[in-house]
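Me: I'm new to this one and would like a slow walk through it. Could you put it up and take my questions as they come?

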Amino acid sequence: MAWRRTRDAARKARRPSRHGRHGREGRSSVVKPPLPPLDTRAERFDLAVGTAAEFLRSSWEELRDVSFEIADMPAATDEDGIPRWHVLSQEKRIVLYRLPIERLSHLHRNDDLHRRMMIEGCVFRAAAEYLDRDPWDLGPERFRYF
């Protein structure tokens, strides 16, 4: 019996201080620190549309009262193709459809920067359709790097 007690005492002495009362470590790292917020595609899409819309609203007086809205899919229509956006001039609304823009647009490089540029380009083209102008006229300084 004495031999076992010394062995247990030696084991307890070697145990690191991070172990808890029952010889187990503390809770996992998933529980301890606060987790960063989830970053979803829909949230990234909302952010890209919002920043482009705010830029356009600050640049063009005609767009200050226009509502930029986001919907997942357009209603079923008999038209050719699937629309990426819908402009309602009488109601002062522009509706952008997230799923057709994200899934049907062809990118030459599939990364976050090019996805964001494609979304912003759709916002600019929809606003240009609303104003009946060329999209390049809406933000000439924004596209100077091309």
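Reply: What follows is a short talk through the chain, its helices and a few chosen residues. This is a predicted model, in which local features need pLDDT of at least 70 and side-chain atom pairs count only at pLDDT 80 or more, while totals for chains, interfaces and linings use all residues. Residues are numbered from 1 along each chain as its sequence is written, and side-chain values use heavy atoms, with hydrogens and water left out.

Me: Okay, how many helices and strands does the chain have?

Reply: The chain has 5 helices and 3 strands, and along the sequence they come in the pattern α-α-β-β-β-α-α-α. Helices (H or I, at least four residues) and strands (E, at least two) are DSSP runs, numbered from the N terminus.

Me: And what share of the residues is buried?

Reply: Of the 146 residues in the chain, 27% are buried, where buried means under 20% relative accessible area, exposed means over 50%, and partly exposed lies in between (1.4 Å probe, protein chains only).

Me: Let's pick a strand residue, say Ile94. Buried or exposed?

Reply: Ile94, which is found in strand β3, counts as buried because its relative accessible area is 0%. Leaving aside neighbours within four places in sequence, Ile94 is in contact (heavy atoms within 4.5 Å) with eight residues' worth of names that I will only sample here, including Val66, Phe68, His86 and Tyr130.

Me: How far apart are the C-alpha atoms of Ile94 and Val66?

Reply: They are separated by 7.2 Å, although the two residues are 28 residues apart along the chain.

Me: Switching to helices, what does α4 look like in length?

Reply: Helix α4 covers residues 112–131, and its 20 residues reach 29 Å from the first C-alpha to the last, close to the 28 Å expected at 1.5 Å a residue. That expected span is 1.5 Å times one less than the number of residues.

Me: What comes right after α4?

Reply: Asp132 follows α4, and this residue lies in the loop between α4 and α5 (135–138). Asp132 has a positive phi of about 60° although it is not a glycine, and it counts as exposed because its relative accessibility is 72%.

Me: Where is Lys92?

Reply: Lys92 is in the loop between β2 (85–88) and β3 (93–97), and it too is not a glycine yet has a positive phi, of about 55°. Lys92 counts as partly exposed because its relative accessibility is 39%.

Me: Back to α4, which residues does Met118 touch?

Reply: Met118, found in helix α4, is in contact with Ile101, Glu102, Ser105, Leu107 and Arg125, leaving aside neighbours within four places in sequence. Met118 counts as buried because its relative accessibility is 12%.

Me: Last one: what joins the side chains of Arg57 and Glu54?

Reply: A polar contact of 2.7 Å joins them, and Arg57 itself lies in helix α2 (residues 41–59). A polar contact is a pair of N or O atoms within 3.5 Å; within protein, one must be able to donate a hydrogen and the other to accept it, and residues adjacent in sequence count only if both atoms are side-chain atoms. Beyond the neighbours within four places in sequence, Arg57 is in contact with Leu63, Arg64, Val66, Ser67 and Phe68.
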